Amino acid sequence: MDKNLDIDNIDLKIISLLNDDAKTPYTEIAKKVFVSSGTVHVRMRKLEDMGIVKSATLNIDFSKLGYDISAFLGIYLEKSSLYDNVIEKLKGIPEVINAYYTTGNYSIFAKIICKDTNHLRTVLDNIQKVEGIDRTETLIVLEESINRPIQFFDK
């Protein structure tokens, strides 16, 4: 952890509790951390201002919305200097829900969600047409076994 960041164990406890459920009211968090709800609010504002807390997100079961296929896509670039251009194009493809600039075999590792195999094929065709992408490798997810935030404290 960067020593220039002014955070302490109370901040880490607040983050851990919100990682478990981002909808937890500040009053409930305050009781668990033994501070006032105003203190939780002030500390959350500080964590946001410092860029530590970026947003609160929903954990969605996409399959219940008709998106039955999740896949990881290893993307090989023609040249690494094309990364920024390729990422901008990928941002325009709504099925791409995560993308990472990586070391190793792939230049970019992305996660995509699709309704079915026909939809997957269409999405892959669109991605492979992006200028700067040399080729891709698709890994279809059979089961997500772990999806959790880091825990700062034992529960």
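A student and a tutor talk through the sheet and the helices packed on it.

Student: What kind of model is this, and how are residues numbered?
Tutor: The model is predicted: local features need pLDDT of at least 70, side-chain atom pairs count only at pLDDT 80 or more, and totals for chains, interfaces and linings use all residues. Residues are numbered from 1 along each chain as its sequence is written, and side-chain values use heavy atoms, leaving out hydrogens and water.

Student: OK, the sheet. What's the strand order?
Tutor: S2-S3-S1-S4, in an open sheet of 4 strands with antiparallel pairing. Strands are DSSP runs of E, at least two residues; helices are runs of H or I, at least four; both are numbered from the N terminus. Two strands pair if DSSP finds at least two bridges between them.

Student: Which strands stand at the edges?
Tutor: S2 and S4 (133-140). Each has a single partner strand, so one side of each has no neighbour in the sheet.

Student: How much are neighbouring strands turned against each other?
Tutor: By 20° on average, direction ignored. Axes are lines fitted to C-alpha atoms, for helices over the stretch in contact; angles run from 0 to 180 degrees between N-to-C directions.

Student: How many bridges do S2 and S3 have?
Tutor: They pair over 5 bridges, antiparallel. Tyr101 has Ile108 in S3 as its bridge partner.

Student: Which helices pack on the sheet?
Tutor: H4 (residues 83-91) does, touching S1, S2, S3 and S4. Contact means heavy atoms within 4.5 Å. H5 (residues 117-128) also packs there, touching S1, S2, S3 and S4.

Student: And their directions against S3?
Tutor: H4 makes about 10° with S3. For H5, the angle is about 145°.
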